[in-house]
Structure formats: structure tokens, C-alpha cells
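Please look over the sequence and the structure shown here, and keep both in view while reading. The paragraphs that follow go from the chain as a whole to its helices and then to single residues.

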Amino acid sequence: GTELFPDGHFDLISGILLASSTISAVCGVYATTVFSMCVLYGKTALGLDREDVYYKFMESTRDCRIRGCKAFSTSLLLFLVDIFLIAIDKLPEQAQGPAAILAFATTFFGCKEFIHITKSASPMSEDMIPGSTSEKLEE
């Protein structure tokens, strides 16, 4: 169910579902906003043939994009948790345990794959200015 206090008792699944849905939505909106703004301003700089400004913009927004990526990852993970919680809650009680184990295994495998892909892509967001490094910019 979706009621937090059915029959006057706190429903743990509904509480977790409410919390994970809320956090998932907020993280998703944050990630969408960050990446939309970076794409918009980045393409504007390139469209104006200001490659130097583009590289500086990308370097200066690096931390924002990293946070956006983490928010995106969190949003996806919690959305998956929401789907599994809803599905498990609707199953007969005797099927909920095995379904929870299957959901956990699926989530674990998916997270490992996602982490591998994002770690493999991380060099693409570092040292955006040709011929420089992040350490040089911080000096």
C-alpha cells in the first residue's frame, strides 16, 4: 500500500517508498538542471566559435557536473528501489522474500555495471583545457 499509517501502525515499506521516491525525484531534477545548463551554455560558446570560453566553462563547472552525475546515479538507483518496493509489496507474502532477494541481486549487478561504466568515462571530464591539468589551474 501507499498509506504510511494503515490501521494506526507505521508501514515501513510505504515509508521507505516515500523517502526514496522523494529523494529520487529531487536528485533527478538537480541532475537534469545541471546537465541542461551545461549543454546549453557549452553549445552556445561553441556556436559563437569561442572554443577557449567553452573549455574554461567546462573546466570551471567540472565539480558541478560531478555532483550532477552523482545525483543522476542516486536518482536511478532509488527509482529502481521504488519499482522493486512497489512490486514486492503487491506480491503474496510467501513470494516477497524470494522477490526481495532477486531484486537485491539485480540491483547489485546493475550498480556494479553502472559504476564500471562511469569510472571508465571519468577521464572524459578531466583536464578539459588542452595542454593543461587541473593542478595547473588550481595554482
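A residue is called buried when its relative accessible area is under 20%, exposed when that area is over 50%, and partly exposed in between. Asp63, at 46% relative accessibility, therefore counts as partly exposed. These terms return throughout the text, and it should be kept in mind that the model is a predicted one.

Taken as a whole, the protein chain has five helices and zero strands, and its elements run α-α-α-α-α from the N terminus on. The chain has 139 residues, of which 22% count as buried. It exposes about 9,800 Å², and carbon and sulfur atoms supply 68% of this area. Among the contacts between residues at least 6 apart in sequence, 63% join residues that are at least 24 apart.

Helix 1 is a good place to begin the walk along the chain. It has 36 residues and reaches 52 Å from its first C-alpha to its last, which is close to the 52 Å expected at 1.5 Å a residue. Its buried residues are Ser14, Gly15, Leu17, Ser20, Ser24, Cys27, Gly28, Ala31, Val34, Cys38, Gly42 and Ala45, and these buried residues pack against helix 2 and helix 3. Many readers will look for a pattern in such a list, and a general point about helices helps here. An α-helix has 3.6 residues a turn, so residues three or four places apart point the same way.

Not every residue of helix 1 is covered in this way. Leu12 also has its place in helix 1, but it counts as exposed because its relative accessibility is 54%. Together with Phe5, Phe10 and Ile16, Leu12 forms a nonpolar patch on the surface, and the four have about 430 Å² of accessible area together. Thr33, another residue that lies in helix 1, counts as partly exposed because its relative accessibility is 39%. The C-alpha atoms of Thr33 and Gly68 are separated by 8.5 Å, although the two residues are 35 residues apart along the chain.

What follows helix 1 along the chain? Just after helix 1 comes Asp49, which takes a positive phi of about 60 degrees. Most residues other than glycine have a negative phi, and Asp49 has its positive phi although it is not a glycine. Asp49 is placed in the loop between helix 1 and helix 2, and with a relative accessible area of 68% this residue is exposed.

The same stretch of the chain leads to the charged pairs. Side chains of opposite charge can pair when their charged atoms come close. How many salt bridges are there? The count comes to two. In one of them the side chains of Arg50 and Asp52 meet, with 3.9 Å from N to O; Arg50 is partly exposed, with a relative accessible area of 41%, and Asp52 is likewise partly exposed, with a relative accessible area of 46%. In the other, the side chains of Arg62 and Asp63 meet, with 3.7 Å from N to O.

Helix 3 covers residues 62-90, and its length can be checked by simple reasoning: at 1.5 Å a residue its 29 residues should span 42 Å, and its end C-alpha atoms are 42 Å apart, which agrees. Which residues of helix 3 are buried? They are Arg65, Gly68, Ala71, Ser75, Leu78, Asp82, Leu85 and Ile88. What covers these buried residues includes helix 1 (12-47), helix 2 (51-60) and helix 4 (93-121). Gly68, named above for its separation of 8.5 Å from Thr33, is one of the buried residues of helix 3.

Ala87 is also found in helix 3, but at 38% relative accessibility Ala87 counts as partly exposed. Between Ala87 and Ala99 there are 8.6 Å in space, C-alpha to C-alpha, and the two are 12 residues apart in sequence.

A last point concerns cysteines and disulfides. The count of disulfides comes to zero. Cys27, one of the buried residues of helix 1, has a relative accessible area of 16%, whereas Cys111 is partly exposed, with a relative accessible area of 26%.

Notes:
Residues are numbered from 1 along each chain as its sequence is written. This is a predicted model: local features need pLDDT of at least 70, side-chain atom pairs count only at pLDDT 80 or more; totals for chains, interfaces and linings use all residues. Side-chain values use heavy atoms; hydrogens and water are left out. Helices (H or I, at least four residues) and strands (E, at least two) are DSSP runs, numbered from the N terminus. The expected span of a helix is 1.5 Å times one less than its number of residues. Buried means under 20% relative accessible area, exposed over 50%, partly exposed in between (1.4 Å probe, protein chains only). Contact means heavy atoms within 4.5 Å. Patches are made of residues with over 30% relative accessible area and no salt bridge: like charges are joined within 9 Å, nonpolar side chains (Val, Leu, Ile, Met, Phe, Trp, Tyr) within 5 Å. Accessible areas come from the Shrake-Rupley method with a 1.4 Å probe; for residues, only the protein chains shown count as cover. A disulfide is a pair of cysteine sulfur atoms within 2.5 Å.
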